[in-house]
Amino acid sequence: MHDFEIFLAALFVSVAGLNAIARWLSVPYPIPLVLGGLVLGLLPGIPEIELEPDLVLVIFLPPLLYAAAFFSDLRALRSDLRAISVASIGLVLLTTGTVAVIAHEAIGLSWPLAFALGAIVSPTDPVAATAIMRQLGAPRRLVNFIEGESLVNDATALVAYRVAVAAVVGGSFSALDAGLEFLGAAAGGIVIGLVVGFVVAEIRRRLDDAPTEITISLLTAYAAFVPADALGLSGVLAAVTAGIYLGWLAPELITPQTRLQSTAVWEILVFLLNATLFILIGLQLPVIMEGLDAYTMGEVLGYAALVCATVIGTRFVFSFTVPYVIRALDRRPSQRERRIGARPRIVSAWAGMRGAVSLAAALALPLETDAGVPIPERDLILFITFALILVTVVGQGLTLPYLLRALGVQEDSAEEEAEEMRARYAASRAALERLDELAIEDWTLDDTIDRVRGLYEFRQRRVKVRAGKIEDEDGIQDRSLAYQRLMHELYAVQRRAIVQLRNSGEISNDVMHRIEREFDLEESRLEV
């Protein structure tokens with residue numbers, strides 16, 4: 001218990017401090033977390049934390065996968081479905097096989113362990129890459145592709161991983177059985193994900209309580225993952241399918257108040273889970289290093305460098321061969337219009353970073369076989385996995401901004417701004433049409449209708465000005481900015497007033513927070 005308390009204190013302090021450093025340096029938080037976890041694990045006095053391998057995948061992966069799927073763009077996934085499928089299945093299997101051959105021939109791992117290592121290092125993690133790409137204005141299609149690839153390649157890699165681990169602990173392997181298991185696990189996982197998503201959606205339609213709905217949201221990932229995994233199916237695809245299904249239906253299932261609260265909860269949860277995984281591997285580094293006594297430091301570093309080069313090289317080779325083969329076979333005009341050039345393809349290949357999934361899979365490797373024989377190469381696989389994450393997240397993550405700028409791979413923001421203007425205009429037009437319908441109702445008041453109509457007409461005119469549809473003859477844009485500045489000042493003084501009332505004991509803390517939240521919501525709408 002004493003060690004556990006030290007662990008928790010070190011974990012939370014480290015996560016908060018490293019995230020502050022990431023903000024200060026303006027870099028994605030996985031980069032300082034990886035380095036910080038490494039440093040923390042080497043500090044004297046840090047307790048040895050032993051993780052139960054079977055629980056690692058179950059605890060960490062379901063919410064991470066569900067959250068990524070829930071907030072993904074289904075339309076973008078569908079439009080690039082073929083490219084995503086080829087990369088998330090073909091590239092993963094190619095990387096798994098290539099790494100397995102290298103690990104068996106050069107490192108000396110048994111074939112089952114070599115394939116397990118290949119499956120561990122094959123899935124990508126988009127957290128660092130997409131954070132950098134969004135910050136620098138990379139094309140949305142490229143960002144969506146990397147996110148979509150990571151959703152499905154996790155499932156491919158973990159099915160291959162499970163087959164390889166079964167061979168490691170049981171000592172048997174059949175390529176035919178593995179192929180059939182892969183197809184059955186994928187199909188079964190999707191079915192379970194759809195069933196769970198449908199049931200959860202029907203339940204949430206009948207609820208209007210934020211704490212209950214958020215709790216159900218947090219448990220949905222496990223409700224899909226755990227039954228599928230227990231049945232020998234793909235828990236990853238079950239969680240991803242449930243997330244995509246519910247994410248698409250979310251606007252009609254979730255009330256505004258619940259949406260505000262649940263988004264904040266999920267943002268914090270995903271950050272803590274990712275951060276915890278990076279810190280955990282760092283804390284276990286001393287134990288891992290102790291298990292590498294059979295190798296010299298030169299051998300260990302050489303093996304890690306070889307696997308890193310293989311993983312990165314395989315992604316580049318795949319990116320500049322397979323898509324061009326598909327182009328030669330499919331020359332339809334609709335497909336030719338969707339082709340991308342060599343520069344975005346270089347960025348996509350360099351953005352193939354590894355992270356949480358590889359960490360969790362490596363940590364979940366069994367400690368011994370069914371016969372009770374220890375797996376001596378487990379620590380070597382853990383070290384190689386951490387080295388790959390270090391090289392890709394830190395090395396590629398820090399150089400990706402320079403690559404984006406050097407290649408000029410940036411999106412013209414005009415398209416996204418035009419979409420935003422269309423959405424704002426359509427919303428205000430719908431509100432005005434509804435106002436006309438409500439004006440004849442007995443319960444509406446003429447002065448209220450006129451005041452609200454004036455507000456939405458003002459918004460509609462401002463959208464037209466911003467979109468360049470009409471001239472700004474009456475200075476509506478300057479008037480809007482002046483109004484926003486005035487209201488920011490008024491909200492600030494109102495907050496100070498209620499804080500003073502709380503401090504003097506005239507109102508309770510609960511009342512202060514309730515009114516403060518109203519001010520926050522109102523102020524957040526000023527830009528509209």
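**Exercise 1. The lining of a pocket**

In this predicted model, determine which helix gives the most residues to the lining of the second largest pocket, and then describe that lining by element, by position and by class.

*Solution.* The helix sought is α5, which contributes six residues to the lining of the second largest pocket and thereby gives the most. As a next step, the elements that supply two or more residues to this lining can be listed: they are α5 (81-107), α8 (140-170), α14 (297-319), α15 (322-329) and α17 (342-350). The lining comprises 28 residues, and those lying nearest the centre of the pocket are Ala83, Arg141, Phe145, Ile340 and Arg345. Sorted by class, the lining of the second largest pocket holds 13 nonpolar, four polar and 11 charged residues. The space in this second largest pocket comes to about 690 Å³.

**Exercise 2. The pair α5 and α14**

Describe how α5 and α14 cross, giving the angle and the approach of their axes, and state which residues make the contact.

*Solution.* The axes of α5 and α14 cross at roughly 150 degrees and come within 10 Å, and the crossing is right-handed. On the α5 side the contact is made by Val86, Ala87, Gly90, Leu91, Leu94, Thr95, Thr98, Val99, Ile102, Ala106 and Ile107, while α14 brings Tyr303, Leu306, Val307, Thr310, Val311, Thr314, Arg315 and Phe318. Divided by class, the residues of the contact of α5 with α14 are 13 nonpolar, five polar and one charged.

**Exercise 3. The pair α10 and α11**

Decide whether α10 is roughly parallel or antiparallel to α11, and characterise their contact.

*Solution.* Helix α10 (residues 210-230) packs with helix α11 (residues 235-253) at an angle of about 150 degrees, their axes being 7 Å apart. Because angles over 145 degrees count as roughly antiparallel, α10 is roughly antiparallel to α11. The crossing of α10 and α11 is right-handed. From α10, the residues in contact are Glu213, Thr220, Ala221, Ala224, Phe225, Ala228 and Asp229, and from α11 they are Gly235, Val236, Ala238, Ala239, Ala242, Leu246 and Leu253. The classes in the contact of α10 with α11 are 10 nonpolar, two polar and two charged residues.

**Exercise 4. The pair α6 and α19**

Work out the relative direction of α6 and α19 from their crossing angle, and then give the composition of their contact.

*Solution.* The axes of helix α6 (residues 111-121) and helix α19 (residues 378-407) cross at roughly 25 degrees and come within 11 Å. Since angles under 35 degrees count as roughly parallel, α6 is roughly parallel to α19. The crossing of α6 and α19 is right-handed. Leu113, Leu117, Ile120 and Val121 of α6 meet Ile381, Ile384, Thr385 and Leu388 of α19 in the contact. This contact of α6 with α19 has seven nonpolar residues, one polar residue and no charged residues.

Note on methods
Residues are numbered from 1 along each chain as its sequence is written. This is a predicted model: local features need pLDDT of at least 70, side-chain atom pairs count only at pLDDT 80 or more; totals for chains, interfaces and linings use all residues. Side-chain values use heavy atoms; hydrogens and water are left out. Axes are lines fitted to C-alpha atoms, for helices over the stretch in contact, and angles run from 0 to 180 degrees between N-to-C directions. Helices (H or I, at least four residues) and strands (E, at least two) are DSSP runs, numbered from the N terminus. Angles under 35 degrees count as roughly parallel, over 145 as roughly antiparallel, 65 to 115 as roughly perpendicular and the rest as oblique. A crossing is left-handed if the near helix is turned anticlockwise from the far one by less than a right angle, and right-handed if clockwise. Contact means heavy atoms within 4.5 Å. Ala, Val, Leu, Ile, Met, Phe, Trp, Tyr, Cys and Pro count as nonpolar, Asp, Glu, Lys and Arg as charged, and the others, Gly among them, as polar. On a 1 Å grid over the protein atoms alone, a cavity is a set of points where a 1.4 Å probe fits but cannot get out, and a pocket is an open set with protein on both sides within 12 Å along at least five of seven lines; lining residues have an atom within 4 Å of a point. Grid points are joined across faces, edges and corners, and a volume is the space filled by probe spheres set on the points.
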